[in-house]
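Student: I keep reading labels such as "buried" and "oblique". Can we go through one structure and ask what earns each label?

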Amino acid sequence: MQELLNNIANAALKSEDKGQVATYIPELAKIDPNQFGISIALANGDVFSAGDAHVPFSIQSVSKVFALALALGRVGDQLWQRVGREPSGLSFNSILLLEKEEGIPRNPFINAGALVATDTYLAGSSPREALGELVRFIRAATDDESIHINESVASSELATGHRNFSLAHYLASFGNLRASVDKVLGTYCHQCAVEMTCTQLALAGRFLLEGTDMPKLVSSERRRRINALMMTCGHYDGSGDFAFRVGLPGKSGVGGGILVIAPGRASIAVWSPGLNKYGNSKLGTEAMERIAHETGWSVF
Ligand code: DON
C-alpha cells in the first residue's frame, strides 16, 4: 500500500496538467497547485500516507458530509421534506432547478441543499454554538483536537459569496430557511473553511466505515444512506463520471480535496488543488481511479 501511494504521489507531482485552482474564493486562488497529498486509513487501523499528506487544506464542500450527519442527527428523516436525494446534473452552485422545484434543492451536497443542511443544524443555536458542534463532531471522528476553522478563508468567501447569498435568499423566498440568510451564510462559509490534512480527513471519514474499531457517530443505516448520497451526488454533475471511473462513494471540495469510502476496507483522502471541468480535483480523481483499479475496491 505504501509503495502504491508513493508511486501515485510521485506521478502526480510530475504531471503536466494539474487542472485549474479555484479562483472565485480569493484565498483559494493563492494556493500553490504543485502540491499533492494522499492518505488511506484502513479498517484494521493502519494508516498510510504520501506526498503532502500533512499539509492542511480547505476542505470546502467535503464539509457537507459532516453537515449532513449533524442535520440528520438534529431532525432525522424530516430533513427529506426540505431537501431531495437525487443528483442534479448541474454545477454545484446552480440556481436553475430551485424555481421549478419550489425551493426544494435536489440533494444536500449541492450548495442550495447544503445551505438547508446548515440551516437545520443551526436551528435554535447561535452560529458559534453550531460551528462548535460541527468542529467537535469532526474532532471526535478524527480523534484530533487540533482541527480548526481558517478565519481568512471564511471571510474571503463571505465577502465574495454573491451566488450563495442568492441561493439562500431564493430558499428563504420559498420558506425553506429558518434562520436569517446572514446567519446561515456565516455558518456555512465557516463550515467550508475547516482546514484538515489528508491524514486527518482520512481518519475523519472512518465514521462512514463499518468496523468494530471505527468511530460510532451515526447509526449503520445512516452511514449506508450517507454513502449512497456520496455515490450518487458527491461530485455534482461529475458524479456519474466518478462512479464510472472509481466505483466508490466520494465527496469533493473546491479546495481540491476528495474523501472516498471503500466500504468495509478504507477511508481515503486525497488533495490536489487543481480542478477538472466539474470543479472536482483533477489529479485527486485520477489518484482515486488508480487506487480503485489496483485494489479492486470498487463496489461494482
Ligand atoms: O459554497 C461554495 O462555493 C464553496 N464554499 C464550496 C464549494 C465546493 O467546494 C464545490 N466543490 N467542488
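Tutor: Start with a pair of helices, and keep in mind that this is a predicted model. Helix 6 (residues 127-142) and helix 9 (residues 181-192) pack at an angle of about 30°. Their axes are 10 Å apart.

Student: Why are helix 6 and helix 9 called roughly parallel?

Tutor: Set the angle against the cut-off. Angles under 35 degrees count as roughly parallel. The angle here is about 30°, so helix 6 and helix 9 are roughly parallel to each other. The crossing of helix 6 over helix 9 is right-handed.

Student: Which residues of helix 6 and helix 9 meet?

Tutor: From helix 6 come Pro127, Ala130, Leu131 and Leu134. From helix 9 come Lys183, Gly186, Thr187, His190 and Gln191. By class, this contact has four nonpolar, four polar and one charged residue.

Student: Now helix 3 and helix 5. What makes helix 3 and helix 5 oblique?

Tutor: Their angle is about 45°, with the axes 8 Å apart. Roughly parallel needs an angle under 35 degrees, and roughly perpendicular runs from 65 to 115. About 45° fits neither, and therefore helix 3 and helix 5 are oblique to each other. Their crossing is left-handed.

Student: What classes of residue make up the contact of helix 3 with helix 5?

Tutor: First the residues. Helix 3 brings Lys64, Ala67, Leu68, Leu70, Ala71, Arg74 and Val75. Helix 5 brings Ala114, Ala117, Thr118, Thr120 and Tyr121. They divide into eight nonpolar, two polar and two charged.

Student: Helix 3 (residues 63-75) also packs with helix 11 (residues 220-233), at about 140°. Why is helix 3 oblique to helix 11?

Tutor: Roughly antiparallel needs an angle over 145 degrees, and roughly perpendicular stops at 115. About 140° lies in between, so helix 3 is oblique to helix 11. The axes are 11 Å apart. Helix 3 passes helix 11 in a right-handed crossing.

Student: Where do helix 3 and helix 11 meet?

Tutor: Val65, Leu68, Ala69 and Leu72 in helix 3 meet Arg222, Ile226 and Met230 in helix 11. That contact has six nonpolar, no polar and one charged residue.

Student: On to burial. How do you know whether Ile261 is buried or exposed?

Tutor: Count C-beta neighbours inside 10 Å. Ile261 has 28. Buried means 20 or more, so Ile261 counts as buried. Ile261 sits in strand 8 (residues 257-262).

Student: What does Ile261 touch, leaving out residues up to four places away in sequence?

Tutor: Its contacts are Gly205, Leu208, Leu209, Asn227, Met230, Leu248, Pro249 and Ser267. Gln81 lies 180 residues from Ile261 along the chain, and their C-alpha atoms are separated by 27 Å.

Student: What makes Glu102 exposed?

Tutor: Glu102 has 10 other C-beta atoms within 10 Å. Exposed means 12 or fewer, so Glu102 is exposed. Glu102 lies in the loop between helix 4 (96-100) and helix 5 (111-122). Its phi is near 50°, a positive value in a residue other than glycine.

Student: Tyr236 has a positive phi too, about 55°. Is Tyr236 buried or exposed?

Tutor: Tyr236 has 24 C-beta neighbours inside 10 Å. The cut-off is 20 or more, so Tyr236 counts as buried. Tyr236 is in the loop between helix 11 and helix 12 (239-245).

Student: And why is Gly45 given the label it has, buried or exposed?

Tutor: Gly45 has 10 other C-beta atoms within 10 Å, so Gly45 is exposed. Gly45 is in the loop between strand 2 (37-42) and strand 3 (47-51). Gly45 and Arg128 are 83 residues apart in sequence and 33 Å apart in space, C-alpha to C-alpha.

Student: Last one. How do you know that the buried residues of helix 7 line one face?

Tutor: The buried residues of helix 7 (residues 151-160) are Val153, Ala154, Ser156 and Glu157. Seen down the helix axis, they fall within an arc of 165°, so they line one face of helix 7. Their cover includes helix 2 (26-29), strand 4 (57-58), strand 5 (148-149) and helix 9.

Student: Which exposed residues does the face turned away from that buried side carry?

Tutor: Glu151, Ser152 and Ala159.

Technical notes:
Residues are numbered from 1 along each chain as its sequence is written. This is a predicted model: local features need pLDDT of at least 70, side-chain atom pairs count only at pLDDT 80 or more; totals for chains, interfaces and linings use all residues. Axes are lines fitted to C-alpha atoms, for helices over the stretch in contact, and angles run from 0 to 180 degrees between N-to-C directions. Helices (H or I, at least four residues) and strands (E, at least two) are DSSP runs, numbered from the N terminus. A crossing is left-handed if the near helix is turned anticlockwise from the far one by less than a right angle, and right-handed if clockwise. Two residues are in contact if their C-beta atoms, placed from the backbone, lie within 7 Å. Ala, Val, Leu, Ile, Met, Phe, Trp, Tyr, Cys and Pro count as nonpolar, Asp, Glu, Lys and Arg as charged, and the others, Gly among them, as polar. The arc is that of the directions from the helix axis to the C-beta atoms.
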